[in-house]
Amino acid sequence: MKRFSKLCILFLMIFSFATTSMPYTADAASQKSSLSTERADLQKKLADIDKKINSLNSESKETKEYLAVLDEKIGYLNEQYNLTKTEISDIENKVDSLEKSIDTSNMEIGNINIQIDYAKKKIDKLNKDFEDTYDEFCQRMRALYISGNGTGTLSFLLSSDGLAQLFTRYEMIASVSKCDGALMKEVKTQCDQIISTSNLLKEKQTKLDASVKKLNGDKASLKTEKVDLLKKQESLEGQDKEIKTQQKEANALLIDLDSKSKEFGEFRDITQKELDEIDADIAEADKKYPIKPTTTTTTTKKSTTQKPTTTKKHTTTTKHTTTKKHTTTKKHTTTTKKTTTAPSSKYLSLTYPCPRYTKITCAFGAYSGHSGCDFSTYGHENQKIVAAESGTVILVKLLERSYGHYIVIRHDKTTKDGKIAYTLYAHNNDIIVSEGQHVSKGQQIAYSGTTGNSTGPHCHFELRIGGSSQSHAVNPARYLP
């Protein structure tokens, strides 16, 4: 019973383990082929870019054209780097799957060996029992032969002294015949058990051989995959060094070009890890300040002057102070068109984040990873930075690298298709709003600067629609005046 209990426990362990470690499927081969195609395409693009760089080297490196080619190369190198990371992840998954498969095979082999051991012991016992039964059977057959088979039995009955003895002898013969029949049946049963157990033993041995073969194959595959993994990791390190080398060259050129043009922007050394951390911070901040439904109240007043009617809308947002003073209506003409929207507009309509500097000096997507627009202040720091649209400040962050001192606003108004919008203002010096504060369109929120990975004073402005992550970034120019 103990043996059977142990077998059952082992079986349950194997079943549970097998369901949590699915084997590496054929889909992985298809994905590997796709990654290989993508890698080949990137290598071709990099080769073409290197030809351009060599051609420009013969002329002059200190040009925007050369910088653009460098940016393009850095973009392709980053794609190659991310591709290698994906390949490493795939190999690690395969290694993990193989290791689990090896563990499962080892458990199966151990279980089968126990079953084989049990079957062998059972066969030994059956053989011993059969030998005893067979000896008894042989002795009985010899006795029947000596007695002359059926003739001896008949003589034994006919020589009886009277009916009483005849019936007694008949019962004795019937009893002996019954024992002979039982003996014959037992011999047959034991033979069948021996054959059945022997066949089971062969089946277990075949299964054991298959499990051992699979185990050895998995071990060989594991060894190959680990070697490939090591090569990919070394390749990743080399790619990282090459990216940093190209970024260093691009940054040196940027300093030179930007100092001449005063159209400052970002250095090219921001990492994906830094961008991911920024996304995580924004996502976490977004949860802290849930969206509150807004309501509007429309008040219509009849004018006593020649004007027929004047309609004024007062929103029930947190800013009530500007709606209470009706005498300031005439002063609305002093504000610029770019910082006001019609009261009836319920959709997103942005104003420039740096009202004094509205020229986009580095466009959205100008180089790989540039997910916003840059507004250079041409060497002037502490310029007014305003909210591009009304909304809630969900994040104020002061970083030494990447975006430096930046702000994220989640806006009250959506796009025409109902998607939520976020704007981000980076590289500021001082920030004069706080998290959770509601701001109106055109309200000052910061003073421009050059914090983080900035080549000089400017505002990096991003618009993210439908989500707060960088993957939702769109061209802000489409929503600006």
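Start by selecting Ser 402, which sits in the loop between strand S5 (391–398) and strand S6 (405–411). You are looking at a predicted model, so please read every stop on this tour in that light. Ser 402 is not a glycine, yet its phi is positive, at about 45°. Buried or exposed, where does Ser 402 fall? Ser 402 counts as buried, with 4% relative accessibility.

Now move to another loop and pick Tyr 378, between strand S3 (373–376) and strand S4 (384–386). Tyr 378 is also a residue other than glycine with a positive phi, here near 55°. Turn on the surface if you like: Tyr 378 is partly exposed, and its relative accessible area is 29%.

Before the next stop, zoom out for a moment. The protein has 481 residues, and 36% of them count as buried. Seven helices and eleven strands make up its secondary structure elements. Take the contacts between residues at least 6 apart in sequence: 70% of these join residues at least 24 apart. The protein exposes about 28,700 Å², with carbon and sulfur atoms supplying 56% of that area.

Zoom back in on strand S3 and select Asp 374. This aspartate is buried but has no salt bridge. Which side chain of opposite charge is nearest to Asp 374? That is Arg 268, at 6.5 Å, whereas a salt bridge would need the charged atoms within 4 Å. Show the side chain of His 460 as well, and you can draw a polar contact of 2.9 Å from it to the side chain of Asp 374. Setting aside neighbours within four places in sequence, the residues in contact with Asp 374 include Phe 264, Gly 265 and Glu 266, along with Lys 359, Ile 360, Thr 361 and Cys 362. His 458, Cys 459 and His 460 are also among the contacts of Asp 374.

Follow that list to Cys 459, in strand S10 (residues 458–465). Cys 459 is buried, with a relative accessible area of 1%. Beyond its neighbours within four places in sequence, Cys 459 touches Pro 353, Cys 373, Asp 374, Phe 375, Ile 385 and Ala 426. Measure between C-alpha atoms from Cys 459 to Cys 373 and you should read 8.2 Å, for two residues 86 apart along the chain.

With cysteines on screen, how many disulfides are there? The count comes to zero, taking a disulfide as two cysteine sulfur atoms within 2.5 Å. Select Cys 362 and Cys 373 to see an example: for Cys 362, the nearest cysteine sulfur is that of Cys 373, 8.4 Å away. Seen from the other side, Cys 373 is in no disulfide either, and its nearest cysteine sulfur is that of Cys 362. Both cysteines can be checked for burial too: Cys 362 counts as buried at 15% relative accessibility, and Cys 373 counts as buried at 1%.

For the last stop, go to Ser 469, in the loop between S10 and strand S11 (473–474). Ser 469 counts as buried, at 19% relative accessibility, and the limit for that class is under 20%. Display Ser 471 next to it: the two serine side chains share a polar contact of 2.7 Å. Leaving out neighbours within four places in sequence, Ser 469 is in contact with Asp 279 and Arg 464. Finally, add Asp 276, whose C-alpha atom is 8.5 Å from that of Ser 469, although 193 residues separate the two along the chain.

How values were computed:
Residues are numbered from 1 along each chain as its sequence is written. This is a predicted model: local features need pLDDT of at least 70, side-chain atom pairs count only at pLDDT 80 or more; totals for chains, interfaces and linings use all residues. Side-chain values use heavy atoms; hydrogens and water are left out. Helices (H or I, at least four residues) and strands (E, at least two) are DSSP runs, numbered from the N terminus. Buried means under 20% relative accessible area, exposed over 50%, partly exposed in between (1.4 Å probe, protein chains only). Contact means heavy atoms within 4.5 Å. Lys and Arg count as positive and Asp and Glu as negative; His and the chain ends are not counted. A polar contact is a pair of N or O atoms within 3.5 Å; within protein, one must be able to donate a hydrogen and the other to accept it, and residues adjacent in sequence count only if both atoms are side-chain atoms. Accessible areas come from the Shrake-Rupley method with a 1.4 Å probe; for residues, only the protein chains shown count as cover.
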